[in-house]
Amino acid sequence: MKKATVLVSVAVLAALIGTGIGAYFFGVNRGWNMAAAPAATSTASADPSVWTIPQGEAATKRHIKDGVKAGDMDAVTGREVLYYHDPMVPGKRFDAPAKSPFMDMMLVPVYAGAGGADTGTVTVSPRVQQNLGLATAVVSQGTIAPKVSAVGNIAW
């Protein structure tokens, strides 16, 4: 009787371990599938403001081949190319498509009318303003009184 109980316990333990290992590998497989690069899409049908970096690099390679530079109209998207930039160093702008001098990657075009273009302004949606309790006020010049009130304890 005791031998049968041990065998059943070992069988149950083996089943639990097998189920755990199977669930682990299933989760890892799902994770790898979710992290896999999306299928290549045609840059002609996509909005340039939502392009991935590889799509931007493909557009830059196409611009080099076609001789498109900043200020020219891209025949595929129908938009004017404002400038090119390195996504890893976005503050530096370039007038012509090329390989980045900072990283081992192609520069990415920024198009007129694209949501990704840097307009030099900061906007916060009304919903986020409400959630943060953000308030605005008119700026006025004046003097701040040097009075400081503080609460504290002194202990020996």
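**Exercise 1. Place Ile53 in the fold and describe its surroundings.**

Solution. Start with the secondary structure: Ile53 lies in helix 2, which covers residues 53–66. Keep in mind as you work that this is a predicted model.

Next, ask how accessible the residue is. Ile53 has a relative accessibility of 39%. Buried would require under 20% and exposed over 50%, so Ile53 counts as partly exposed.

Then look for partners beyond four places in sequence. Ile53 touches Pro87, Met105 and Val108. Take Met105 from that set: Ile53 and Met105 are 52 residues apart along the chain, and their C-alpha atoms are separated by 9.6 Å.

**Exercise 2. Write down the order of the elements and say how the chain is folded together overall.**

Solution. Begin by counting: the chain has three helices and three strands. Reading from the N terminus, the order is α-α-β-β-β-α.

Now turn to the contacts. Among those with a separation of 6 or more, 50% are between residues 24 or more positions apart.

Finish with burial and surface. The chain has 156 residues, and 19% of them count as buried. Its accessible surface is about 12400 Å², with 63% belonging to carbon and sulfur atoms.

**Exercise 3. Work out how strand 1 is paired with strands 2 and 3.**

Solution. Take strand 2 to begin with. Strand 1 (residues 81–86) pairs with strand 2 (residues 89–94) in the antiparallel sense, over three bridges. A hairpin of two residues links strand 1 to strand 2. You can trace this pairing through Asp86, whose bridge partner in strand 2 is Val89.

Now move to strand 3 (residues 108–111), which runs antiparallel to strand 1 and is joined to strand 1 by four bridges.

His85 is a handy residue for seeing both pairings. In strand 2, His85 stands opposite Arg93; in strand 3, the bridge partner of His85 is Val108. You have already met Val108 as one of the residues that Ile53 touches.

**Exercise 4. Is Val81 buried or exposed, and what surrounds it?**

Solution. Locate the residue: Val81 is in strand 1. Its relative accessible area is 0%, so Val81 is buried.

Compare this with the whole strand. Five of the six residues of strand 1 are buried, so the strand is largely enclosed by the rest of the structure.

The contacts of Val81 fill in the picture. Not counting residues up to four places away in sequence, Val81 touches His63, Val68, Lys69, Ala70, Gly71, Asp72, Asp74, Pro109, Val110 and Tyr111. For His63, 18 residues from Val81 along the chain, the C-alpha separation is 9.9 Å.

**Exercise 5. List the largest nonpolar core and follow one member outward.**

Solution. The largest nonpolar core has eight residues: Trp51, Ala59, Val68, Val81, Tyr84, Phe94, Leu107 and Tyr111. Val81 from the previous exercise is one of them.

Follow Leu107 next. Beyond four places in sequence, its contacts include the core members Tyr84 and Phe94. Leu107 also touches Gly56, Glu57 and Thr60, among others.

**Exercise 6. Which residues make the nonpolar surface patch of about 780 Å²?**

Solution. The patch is made by Leu13, Ile17, Ile21, Tyr24, Phe25, Val28 and Trp32.

Pick Tyr24 as a test case. Tyr24 is found in helix 1, residues 2–35. With a relative accessible area of 53%, Tyr24 is exposed.

Methods
Residues numbered from 1 in each chain as written. Predicted model: local features only at pLDDT ≥ 70, side-chain atom pairs only at ≥ 80, totals over all residues. Heavy atoms only, no water. Buried < 20%, exposed > 50% of the residue type's maximum accessible area, 1.4 Å probe, protein only. Contact = heavy atoms within 4.5 Å. Areas by Shrake-Rupley, 256 points an atom, 1.4 Å probe, with all protein chains shown as cover. Patch = residues over 30% accessible without salt bridge, like charges linked within 9 Å, V, L, I, M, F, W, Y side chains within 5 Å. Salt bridge = Lys/Arg side-chain N within 4 Å of Asp/Glu carboxyl O. Core = buried A, V, L, I, M, F, W, Y, C linked by side-chain atoms within 4.5 Å. Pairing = 2+ DSSP bridges.
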